[in-house]
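Student: I have a model open and want to learn how to read it feature by feature. Where do we start?

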Amino acid sequence: GCGYHVGGDRMYAVRSLLQPVQDVKTNVVVLPYDVDTNYPQEAINWVQQYDITRSDLLKNRVLWSESSGLLIFTFSDGEGRPVAWQGRNFGKKYRTKWFGRGILEDTFVFFPGNPSRIEGIIFVEDIVSAIKLGKVIDEHGLSWRAMPIFGSHISRKRMSRCLLLMQNPCKMMFWLDRDKASEAIKFQRVAQSLGINAYVTITDQDPKELSNGNLYTYIK
């Protein structure tokens, strides 16, 4: 009667998020057998160039596997079980720079974690950028969270699943490299079709390569 209307896409997302717990299947993945937090100096030197410390690695549940030569970023479900992981390769076992297991798109990673609803989500391409951006967000007491998309694509499904994590009106920022500007604009339009206030930030460098002061300026 008052003219209020909720779009069909949003209601679909709500129904999906409210499905009974017994209908949700968690695909637990296995970590390498020798994971620990004895990070080698090579890995420490690599993260320090992005102003990330050993304490930050511990806080974000990052592990080291000597047998694999991987610095492993883990992603867990609500009960602490690993559902996916991505490792930065420092060894010779794997040929690629990054190696992982699990469906990364199904992970919901916030830095730092907070069970309360948030003002918005900033999507970035990689996990290290998310951690560094999350530090800046935390230091300034902002009600945003950084989430990696593990590349340069984010699906409509994942955006929909984020709706109930945020306050109303929902906000999203897509922060990609300059060569992904057209993709970022496409993601913005998809988010807007879901009733989300969406923004695009394009920089020549990844967020992890910018200073903390510049990161805060972009967020503001």
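The dialogue below takes up the sheet, the backbone, the cysteines and the charged side chains.

Tutor: One caution before anything else. This is a predicted model.

Student: Noted. How do I read a sheet?

Tutor: Start with the general idea. Strands of a sheet pair through backbone hydrogen bonds, either parallel or antiparallel. Now the case here. Four strands make an open sheet, ordered S7-S6-S8-S9, with parallel pairing.

Student: Which strands are the edge strands?

Tutor: Strand S7 (144–148) and strand S9 (197–203). Each of them pairs on one side only. From one strand to the next, the twist averages 20 degrees.

Student: Can we look at one pairing? Over how many bridges do S6 and S7 pair?

Tutor: Five, in the parallel sense. Strand S6 covers residues 118–124. For a landmark, find Ile122: Ala146 in S7 stands opposite.

Student: Which strands does helix H4 touch?

Tutor: S6, S7 and S8. Helix H4 spans residues 127–139 and packs on the sheet. The direction of H4 makes about 170 degrees with that of S7. Then take helix H6, residues 181–193. H6 lies across S8 and S9, and runs at about 170 degrees to S9.

Student: Next, the backbone. Is the peptide bond from Asn168 to Pro169 cis or trans?

Tutor: Read omega. For this bond omega is near 5 degrees, so the call follows from the angle: cis.

Student: And where does Pro169 lie?

Tutor: In strand S8.Student: What about phi? Where does Asp51 lie, and what is the phi value there?

Tutor: Asp51 has phi near 60 degrees, a positive value in a residue other than glycine. The residue lies in the loop between helix H2 (41–48) and helix H3 (54–59). At 40% relative accessibility, Asp51 is partly exposed. Arg61 is another non-glycine with positive phi, about 60 degrees. Look for Arg61 in the loop between H3 and strand S2 (62–65). Its relative accessible area is 42%, and Arg61 is partly exposed.

Student: On to the cysteines. How many disulfides does the structure hold?

Tutor: Zero. The test is a distance: two cysteine sulfur atoms must be within 2.5 Å.

Student: Why does Cys162 have no such bond?

Tutor: Because the closest cysteine sulfur, in Cys170, is 9.5 Å from that of Cys162, too far for a bond. Cys170 is likewise in no disulfide. Cys162 is buried, at 0% relative accessibility. Cys170 is buried too, with a relative accessible area of 1%.

Student: Now charges. How many salt bridges are there in the whole structure?

Tutor: Seven. The criterion is a side-chain nitrogen of Lys or Arg within 4 Å of a carboxyl oxygen of Asp or Glu. One of the pairs is Asp56 with Lys135, at 2.8 Å, N to O. Asp56 is in helix H3 and Lys135 in helix H4, 79 residues apart. Asp56 is buried, with a relative accessible area of 10%. Lys135 is partly exposed, at 22%.

Student: Which side chain meets Lys171 in a salt bridge?

Tutor: That of Glu119, at 3.1 Å, N to O. Lys171 lies in strand S8 and Glu119 in strand S6, so this pair ties together parts 52 residues apart in sequence. Glu119 is partly exposed, at 26% relative accessibility.

Student: Where do Arg178 and Asp204 fit in?

Tutor: Their side chains form a salt bridge at 2.5 Å, N to O. Arg178 is in the loop between S8 and H6. Asp204 is in the loop between S9 and helix H7 (212–219), and the two are 26 residues apart. Arg178 is partly exposed, with a relative accessible area of 48%. Asp204 is exposed, at 60%.

Student: Which residues do salt bridges with shared partners join into one network?

Tutor: Asp126, Asp206 and Lys208.

Student: One last residue. How far from Asp177 is the nearest side chain of opposite charge?

Tutor: It is 7.2 Å away, and belongs to Lys208. Asp177 is buried yet has no salt bridge. This residue is found in strand S8, residues 166–177. Leaving aside neighbours within four places in sequence, Asp177 is in contact with Glu125, Ile202, Thr203, Gln205 and Asp206.

Terms used:
Residues are numbered from 1 along each chain as its sequence is written. This is a predicted model: local features need pLDDT of at least 70, side-chain atom pairs count only at pLDDT 80 or more; totals for chains, interfaces and linings use all residues. Side-chain values use heavy atoms; hydrogens and water are left out. Buried means under 20% relative accessible area, exposed over 50%, partly exposed in between (1.4 Å probe, protein chains only). Lys and Arg count as positive and Asp and Glu as negative; His and the chain ends are not counted. Contact means heavy atoms within 4.5 Å. Two strands pair if DSSP finds at least two bridges between them. Axes are lines fitted to C-alpha atoms, for helices over the stretch in contact, and angles run from 0 to 180 degrees between N-to-C directions.
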